[in-house]
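Trainee: Before describing a structure in a report, I should like to understand how each term is justified. May we go through the assignments one by one?

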Amino acid sequence: MSFIRELWAFMRARKKFWLLPILVMMAVFGGLVVVTKGSAVAPFIYTLF
């Protein structure tokens with residue numbers, strides 16, 4: 001959690017709030033890959049891309 005706190009402090013100090021949507025989408029896609037790895041839902045998720 002210290003990494004997230006440090007990243008947030010960096011974005012606030014440097015006014016780099018445009019990074020937040022990019023990081024959120026990367027986390028969502030990463031979570032999607034982890035969840036669908038080897039599950040029955042995987043073929044349906046891969047058709048989205």
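Mentor: The discussion that follows takes up the overall fold, the helices, the loop and the surface in turn.

Trainee: How do you know how far the coordinates can be trusted?

Mentor: The model is predicted, and confidence is given by pLDDT, on a scale from 0 to 100. The protein chain averages a pLDDT of 84, and 96% of the residues score at least 70. Among the elements, α1 has the highest mean, 90, and helix α3 (residues 42-46) the lowest, 71.

Trainee: What makes up the secondary structure of the protein chain?

Mentor: The protein chain has three helices and zero strands. Read from the N terminus, the order is α-α-α. Along the principal axes, the C-alpha atoms fill a box of roughly 45 × 20 × 5 Å.

Trainee: How many residues of the protein chain count as buried?

Mentor: The term "buried" requires a relative accessible area under 20%. Of the 49 residues, 8% count as buried. The exposed area of the protein chain is about 4,500 Å², and carbon and sulfur atoms supply 75% of that area.

Trainee: How do you know whether the length of helix α1 matches the expected one?

Mentor: The expected span is 1.5 Å times one less than the number of residues. Helix α1 covers residues 2-14, thus 13 residues, and its first and last C-alpha atoms are 18 Å apart, close to the expected 18 Å.

Trainee: Why is α1 said to lie largely in the open?

Mentor: The number of buried residues in α1 is one out of 13, so α1 is described as lying largely in the open.

Trainee: What makes the backbone of lysine 15 notable?

Mentor: Lysine 15 follows just after α1, in the loop between α1 and α2. Its phi is positive, about 55°, although lysine 15 is not a glycine. Most residues other than glycine have a negative phi.

Trainee: Why is lysine 15 called exposed?

Mentor: The cut-off for "exposed" is over 50%. Lysine 15 has a relative accessible area of 61%, and is therefore exposed. Tryptophan 18 lies in the loop between α1 and α2 as well, and at 54% tryptophan 18 also counts as exposed.

Trainee: Why is the pair of tryptophan 8 and phenylalanine 17 called tilted?

Mentor: The structure holds one aromatic pair. The ring centres of tryptophan 8 and phenylalanine 17 are 5.9 Å apart and the planes stand at 55°, so the pair is tilted. A stacked pair would need planes under 30 degrees apart, and an edge-to-face pair over 60.

Trainee: Are these two aromatic residues buried, partly exposed or exposed, and how do you know?

Mentor: A value between the limits of 20% and 50% is called partly exposed. Tryptophan 8, at 37%, therefore counts as partly exposed. Phenylalanine 17, at 41%, is partly exposed too.

Trainee: What makes the nonpolar surface patch?

Mentor: The patch measures about 610 Å² and is made by Trp8, Phe17, Leu20, Val24, Met25, Val28 and Phe29. Its members need over 30% relative accessible area. Helix α2 (residues 19-36) provides the largest share, five residues.

Trainee: How do you know that methionine 25 and phenylalanine 29 are partly exposed?

Mentor: Methionine 25 lies in helix α2, and its relative accessibility of 42% makes it partly exposed. Phenylalanine 29 is found in helix α2 as well, and at 38% phenylalanine 29 also counts as partly exposed.

Trainee: What distances separate phenylalanine 29 from alanine 13, and tryptophan 18 from threonine 36?

Mentor: Phenylalanine 29 and alanine 13 are 16 residues apart in sequence and 27 Å apart in space, C-alpha to C-alpha. Tryptophan 18 and threonine 36, 18 residues apart along the chain, have C-alpha atoms separated by 28 Å.

Definitions and conventions: Residues are numbered from 1 along each chain as its sequence is written. This is a predicted model: local features need pLDDT of at least 70, side-chain atom pairs count only at pLDDT 80 or more; totals for chains, interfaces and linings use all residues. Side-chain values use heavy atoms; hydrogens and water are left out. Patches are made of residues with over 30% relative accessible area and no salt bridge: like charges are joined within 9 Å, nonpolar side chains (Val, Leu, Ile, Met, Phe, Trp, Tyr) within 5 Å. Accessible areas come from the Shrake-Rupley method with a 1.4 Å probe; for residues, only the protein chains shown count as cover. A salt bridge is a side-chain nitrogen of Lys or Arg within 4 Å of a carboxyl oxygen of Asp or Glu. Helices (H or I, at least four residues) and strands (E, at least two) are DSSP runs, numbered from the N terminus. Buried means under 20% relative accessible area, exposed over 50%, partly exposed in between (1.4 Å probe, protein chains only). Rings of Phe, Tyr and Trp (its six-membered ring) pair if their centres lie within 6.5 Å; planes under 30 degrees apart count as stacked, over 60 as edge-to-face and the rest as tilted. pLDDT is the predictor's confidence in each residue, from 0 to 100.
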